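Please open the structure in your viewer and keep the sequence panel visible beside it. The tour below moves from one selection to the next and says what can be found at each stop.

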Amino acid sequence: MSYAQRINLAMMASGLLVLAWYAHQILPLLSTTALDDIAFARPMMVAIGIGIVLSIVSAILVSVGSAIWTGVREGEAAVSDEMSEEDERDKQISRLGDAVGGNVLSVAVIAALVTIWFEHPLFATAHILFLGAWASAIAGAVVKQIAYMRGV
Amino acid sequence: MAKPTKITNEIRRLRFDADEMTQAELARRVGVTRQTILAIEQGRYSPSLEVAFKIAHAFKVPLDTVFQYPLGETED
């Protein structure tokens, strides 16, 4: 598994953790509170913040872990090679994942606009955008993983 | 995405002939990751012309000694 692939997996895991945390905060309220009365803004902002921090921390942990693991297995000289810039295959896979993620996000933005036109509650618009951004990131990461495993 | 490339290659044999050069060593010479060399060897990735030439150069052989494209079998 390449360094870029490990980073991609770490980002995907971070995204899933954040979504799980946010769902744990909001889902219990759906059955007891009207949509307009659910205070979702604060947990959503916290989730976005946690997501950013978690992505950075997980990337650092993967980098350090990869360096140690590669150093132990293949020697110190191999570490810089392992951690070097992504190559053409990584970039091609990255572009593929970004394209898929971008398409998912576009659908979410259009759906959010529709909720505004039809004057749905702010809760719906905000969550379509939030979940759309999350789904975009996850879809992109999944496509990248598949491309790494099965080829491009 | 998952369809293997029709381009075949002799990288594995050439590595063996080149004093059992490792994938990591070839990757270092070409400037890609070891995983990319592995993917090319297994036919899961078609490299750019630049990388293809670099691989041929690493083995000091012509490009068509490393890569082959079976003409006449291109239609599905």
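Buried area is the accessible area, taken with a 1.4 Å probe, that two parts lose on being put together, summed over both. Keep in mind throughout that this is a predicted model.

**Stop 1: where the chains meet**

Colour chain A and chain B separately and turn to the place where they touch; the area buried between chain A and chain B is about 1400 Å², and carbon and sulfur atoms give 48% of that area. Now select Asp87(A), Glu88(A) and Arg89(A), which supply 39% of the area that chain A buries against chain B, more than any other three residues. The contact as a whole draws 16 residues from chain A and 14 residues from chain B.

Which charged or polar links should you look for here? Between chain A and chain B the count of salt bridges is zero, whereas seven residue pairs, both members at pLDDT 80 or more, are in polar contact. On the chain A side, select α4 (88-117) and α5 (122-150), each of which supplies at least two residues of the side that touches chain B. Colouring that side of chain A by residue type will show seven nonpolar, three polar and six charged residues.

**Stop 2: chain B as a whole**

Hide chain A for a moment and show chain B as a cartoon, in which five helices and two strands can be traced. Followed along the sequence, chain B has the pattern β-α-α-α-α-α-β. Of the 76 residues in chain B, 38% are buried, and among its contacts with a separation of 6 or more, 58% are between residues 24 or more positions apart.

**Stop 3: the largest nonpolar core**

Select Ile11(B), Leu26(B), Ile40(B), Ile55(B), Phe59(B), Val66(B) and Phe67(B), the residues with the most contacts inside the largest nonpolar core, which has 19 residues. The elements of chain B that give two or more residues to this core are α1 (11-17), α2 (23-30), α3 (34-41) and α4 (49-59), and α4(B) gives the most, with six residues. Centre the view on Phe67(B) to see a set of contacts beyond its neighbours within four places in sequence, among them Ile7(B), Ile11(B), Ile40(B), Pro47(B) and Ile55(B).

**Stop 4: the enclosed helix α3(B)**

Next, select α3(B), which is largely enclosed by the rest of the structure because six of its eight residues are buried. The buried ones are Gln35(B), Thr36(B), Ile37(B), Ala39(B), Ile40(B) and Glu41(B). Bring chain A back into view, since these buried residues pack against α4 of chain A together with β1 (8-9), α1, α2, α4 and β2 (67-68) of chain B. Just after α3(B), pause at Gly43(B), which takes a positive phi of about 75°.

**Stop 5: salt bridges in chain B**

How many salt bridges does a search of the whole structure find? The search finds eight over all chains. Select Arg15(B) and Glu41(B), whose side chains meet in a salt bridge at 2.6 Å, N to O; the pair links distant parts of the chain, with Arg15(B) in helix α1 and Glu41(B) in helix α3 of chain B, 26 residues apart. Both Arg15(B) and Glu41(B) are buried.

Moving along α1 of chain B, find Arg13(B) and Asp17(B), whose closest N and O atoms are 2.9 Å apart in a salt bridge. These two residues lie four residues apart in the helix, about one turn. Adding Glu10(B) to the selection shows a network of salt bridges that links Glu10(B), Arg13(B) and Asp17(B).

**Stop 6: two buried residues of chain A**

Finish in chain A by selecting Phe123(A), which lies in helix α5 and is buried, with a relative accessible area of 10%. Leaving aside neighbours within four places in sequence, Phe123(A) is in contact with Ile26(A), Leu30(A), Leu35(A), Ile38(A) and Phe40(A). The C-alpha atoms of Phe123(A) and Leu35(A) are separated by 6.4 Å, although the two are 88 residues apart along the chain.

The last selection is Gln5(A), in helix α1 (residues 3-30) of chain A. At 8% relative accessibility Gln5(A) counts as buried, and, residues up to four places away in sequence not being counted, Gln5(A) touches Gln145(A), Tyr148(A) and Met149(A).

Definitions and conventions
Residues numbered from 1 in each chain as written. Chains lettered and ligands numbered in written order. Predicted model: local features only at pLDDT ≥ 70, side-chain atom pairs only at ≥ 80, totals over all residues. Heavy atoms only, no water. Contact = heavy atoms within 4.5 Å. Salt bridge = Lys/Arg side-chain N within 4 Å of Asp/Glu carboxyl O. Polar contact = N/O pair within 3.5 Å; in protein donor to acceptor, adjacent residues only side chain to side chain. Nonpolar A, V, L, I, M, F, W, Y, C, P; charged D, E, K, R; others polar. Core = buried A, V, L, I, M, F, W, Y, C linked by side-chain atoms within 4.5 Å. Buried < 20%, exposed > 50% of the residue type's maximum accessible area, 1.4 Å probe, protein only.
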